[in-house]
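Here is a quick tour for anyone meeting this structure for the first time. Have a look at how the chains meet, then read on.

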Number of protein chains: 4
Amino acid sequence: MTFRKIVALHPVPGDDFREALLRCAEECVDCGASCTACADASLSERDVRELIRVIRVALDCAEVCDATARITIRQSGPDIRLIRATVEACSAACLACAEECDRHAAHHAHCRVCAEVCRRCKAACDDVLAR
Amino acid sequence: MTFRKIVALHPVPGDDFREALLRCAEECVDCGASCTACADASLSERDVRELIRVIRVALDCAEVCDATARITIRQSGPDIRLIRATVEACSAACLACAEECDRHAAHHAHCRVCAEVCRRCKAACDDVLAR
Amino acid sequence: MTFRKIVALHPVPGDDFREALLRCAEECVDCGASCTACADASLSERDVRELIRVIRVALDCAEVCDATARITIRQSGPDIRLIRATVEACSAACLACAEECDRHAAHHAHCRVCAEVCRRCKAACDDVLAR
Amino acid sequence: MTFRKIVALHPVPGDDFREALLRCAEECVDCGASCTACADASLSERDVRELIRVIRVALDCAEVCDATARITIRQSGPDIRLIRATVEACSAACLACAEECDRHAAHHAHCRVCAEVCRRCKAACDDVLAR
């Protein structure tokens, strides 16, 4: 994604932790858009009444991913506690959404794909938190 | 705020925890808009170069508050882990923003007011987490 | 809302147009949260399959209102074309959501309340555009 | 981006207009993240006091792009007026941000890259509006 080129031109140099944040940002951007798409596809399914919970959790996960994306993209004047707390919330949101999508993956392929992207995003969050 | 009237008409009844979430949602809406306003006012100050960190933290806090507001407003099919993790992140973001605003409160009254609203929002988040 | 106190402390003075923008911002904040709540209440209704369109439109209206709120709250370095185009989109989104909510107002009181707040927000947008 | 795979699994089939919306969504996701990154890089520049306007406009453009991304990703129960009005606002926001970034492109390479992505996003918006 193009934001990577822009961040590489930021006047303050990044470091190894910064690189982990940017991989996390890329996954958050991908996952946020995917959760928005999965909630929307679920809303049009014939068995929508069985999908209320996955719609809700995917909408919530999209909010957390999109907020975390912006926060991990930014490099100026960071507050590490705020960043870590947000990435932790994103890891929890992605796990919750992946597990809820798993329950519908056999019947709805969009839920299967969404569970995969949520797990990739969770792994990128956890890699930030391991540092 | 009007969303309270709409939530009161939700087909699924709320409970005591739900009431704490809605108080949290109200503070998040107020705090998110306030952090957006404080980051913007700081950007126009003559000493903006001293205010990079408070601008960044207020922008980040606005992202977390606005995401948490939407998540705590929703009542259908909740995932408690996701909600608690998000409210925890919001509490951390509000504390970080309040402390950074404190450092500039003597010179910039908008930072003083923003620190106050961040502490009210943190208290509402912590009340959710205490249940 | 507290953001008003913060904007009043902005180092650059506002004007009459600015006052219309801030009334618009207040309505956008109220309307965005209300549309989030109405989409969520609709998702839990027994006749959810009849409510797909109002859920979609309310989710979209919330996105536009929340983006417009942030843009109209900011006072530093404005681009008038960008602001007007966004407020126009918000007026159109609020009208679309009000009309869709009207269709369900007889059966779902949350849709009736949401239509009212959408029309208040549209009026505040149109007042900006009339200047 | 992964959301494309999920949208391809949506139960309601898309059409030619839908394909234009999805190309627009991809550009909006890329542009929103890029504008967030450019505003942030500008905030850390030594001549930040000359960059207030580009910071403001890039923050605003990110709001519009991210809202438009979600709206163009969704396929269920669309309101065409709302979608077109939002895409129009996004086209205007991208033009405003590209022109403001142009003014700083000679000194700040991140503004040059951001202007390019804004123009790509504007073109994708205009392609939607031409149909």
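Keep in mind that this is a predicted model. Let's begin with polar contacts: between chain C and chain A there are two residue pairs of this kind, both at pLDDT 80 or more. Salt bridges are another matter, as the count between chain C and chain A is zero.

So what does the side of chain C that touches chain A consist of, by class? You'll find five nonpolar and four charged residues there, and no polar ones. Helix α3 of chain C (residues 52-73) supplies the largest share of that side, with five residues.

Here is the contact between chain C and chain A in brief:

| Item | Value |
|---|---|
| Residues from chain C | nine residues |
| Residues from chain A | nine residues |
| Area buried between chain C and chain A | about 920 Å² |
| Part of that area from carbon and sulfur atoms | 66% |

Which residues of chain C lose the most area to chain A? They are L43(C), R49(C) and I52(C), and together they make up 50% of what the chain C side buries.

Now for chains D and A. A turn of 180° with a shift of 0.0 Å along the axis lays chain D on chain A, and the RMSD is 0.0 Å. That is how a two-fold axis relates things. In chain D, V29(D) has the C-alpha nearest the axis, 3.7 Å from it. The interface residues tell a matching story: 100% of those in chain D are also interface residues in chain A, so the copies meet through the same surface.

Terms used. Residues numbered from 1 in each chain as written. Chains lettered and ligands numbered in written order. Predicted model: local features only at pLDDT ≥ 70, side-chain atom pairs only at ≥ 80, totals over all residues. Heavy atoms only, no water. Contact = heavy atoms within 4.5 Å. Buried area = accessible area lost by both parts, 1.4 Å probe. Salt bridge = Lys/Arg side-chain N within 4 Å of Asp/Glu carboxyl O. Polar contact = N/O pair within 3.5 Å; in protein donor to acceptor, adjacent residues only side chain to side chain. Helix = DSSP H or I, 4+ residues; strand = E, 2+ residues; numbered from the N terminus. Nonpolar A, V, L, I, M, F, W, Y, C, P; charged D, E, K, R; others polar. Least-squares fit on C-alpha atoms with pLDDT ≥ 70 in both.
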